[in-house]
Amino acid sequence: LLDTKHFRGNYPESVYVEACCLASGENEDASVPLSPSLAVPKFETAEWFPLIPRGRMAPDSEHVYEAEKGQIANAGRPVSHVRVSIYPDGGLSRVRIYGATGLSSSFE
């Protein structure tokens, strides 16, 4: 769900959603601290793949995408992180990703 509710003049023209899957222990790099208590995830080496291809948004609307309708690419792949890009800029009031957990031993 990509929601532009309440953004009537400042909504993004289009949105692109990508995902990656980083296993436990692979998602943090303690040698590059963001702050004393946080570490930077290894997104530079992650394999990002498209979930929702770049598509137009409408103002003040909920945009719902469903895997069953073929609207989500790579719907069967495991995901640990999601990256949303908005073009050129604008407001999203909500981004919701629904799915089933499929934790394997690499995530324990």
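**Group meeting: strands, salt bridges and a core**

Let me begin with a single residue, Glu13, which has a relative accessibility of 28% and therefore counts as partly exposed, given that buried means under 20% relative accessible area, exposed means over 50%, and partly exposed lies in between, with a 1.4 Å probe and protein chains only. What you have in front of you is a predicted model, in which local features need a pLDDT of at least 70 and side-chain atom pairs count only at pLDDT 80 or more, while totals for chains, interfaces and linings use all residues. Residues are numbered from 1 along each chain as its sequence is written, and side-chain values use heavy atoms, with hydrogens and water left out.

Staying with Glu13, which residue does its side chain meet in a salt bridge? The partner is Arg54, at 3.5 Å from N to O, where a salt bridge is a side-chain nitrogen of Lys or Arg within 4 Å of a carboxyl oxygen of Asp or Glu. This pair links distant parts of the chain, since Arg54 sits in strand S5 and Glu13 in the loop between S1 and S2, 41 residues apart; strands here are DSSP runs of E with at least two residues, numbered from the N terminus. Glu13 and Arg54 also belong to a network of salt bridges together with Arg56.

How many salt bridges does a search of the whole structure find? The number is seven, and I will mention two others. Glu47 forms one with Arg77, the closest N and O atoms being 3.2 Å apart, and this pair also links distant parts of the chain, with Glu47 in the loop between strand S4 (38–40) and S5, and Arg77 in the loop between S6 and strand S7 (81–87), 30 residues apart. Glu47 is exposed because its relative accessible area is 55%, whereas Arg77, at 33%, is partly exposed. Lys69 and Glu66 form another, with 3.7 Å between the closest N and O atoms; Lys69 counts as exposed at 59% relative accessibility, and Glu66 is partly exposed at 30%.

Now let us turn to strand S2. Six of its seven residues are buried, so S2 is largely enclosed by the rest of the structure. S2 pairs with S5 in the antiparallel sense over five bridges, and two strands are said to pair if DSSP finds at least two bridges between them. Within that pairing, Val15 has Gly55 in S5 as its bridge partner. S2 is also joined to S7, again antiparallel, by seven bridges, and here Cys20 has His81 in S7 as its partner.

Is Ser14, a residue of S2, buried or exposed? At 2% relative accessibility, Ser14 counts as buried. Its side chain makes a polar contact of 2.7 Å with that of Arg54, a polar contact being a pair of N or O atoms within 3.5 Å, where, within protein, one must be able to donate a hydrogen and the other to accept it, and residues adjacent in sequence count only if both atoms are side-chain atoms.

The largest nonpolar core has eight residues, among them Val15, Phe49 and Met57. Such a core is a set of buried Ala, Val, Leu, Ile, Met, Phe, Trp, Tyr and Cys residues joined through side-chain atoms within 4.5 Å. Strand S2 (14–20) and strand S5 (49–56) each supply at least two residues of this core. In soluble globular proteins, nonpolar side chains tend to be buried together. Phe49 touches, beyond residues up to four places away in sequence, several others including Ala19, Arg77 and Val79, with contact meaning heavy atoms within 4.5 Å.

There is also an open sheet of three strands, in the order S6-S1-S8 with antiparallel pairing. Its edge strands, which each pair on one side only, are S6 (62–63) and S8 (94–95). Two bridges join S1 (residues 2–3) to S6, and Asp3 stands opposite Glu62.

Finally, a word about confidence. The mean pLDDT of the protein is 82, and 77% of its residues reach 70 or more, pLDDT being the predictor's confidence in each residue, from 0 to 100. Over residues 30–37, however, pLDDT stays under 50, and for this stretch the model has seven contacts beyond four places in sequence. Where pLDDT is low, the predicted coordinates should not be read in detail.

Terms used. Helix = DSSP H or I, 4+ residues; strand = E, 2+ residues; numbered from the N terminus.
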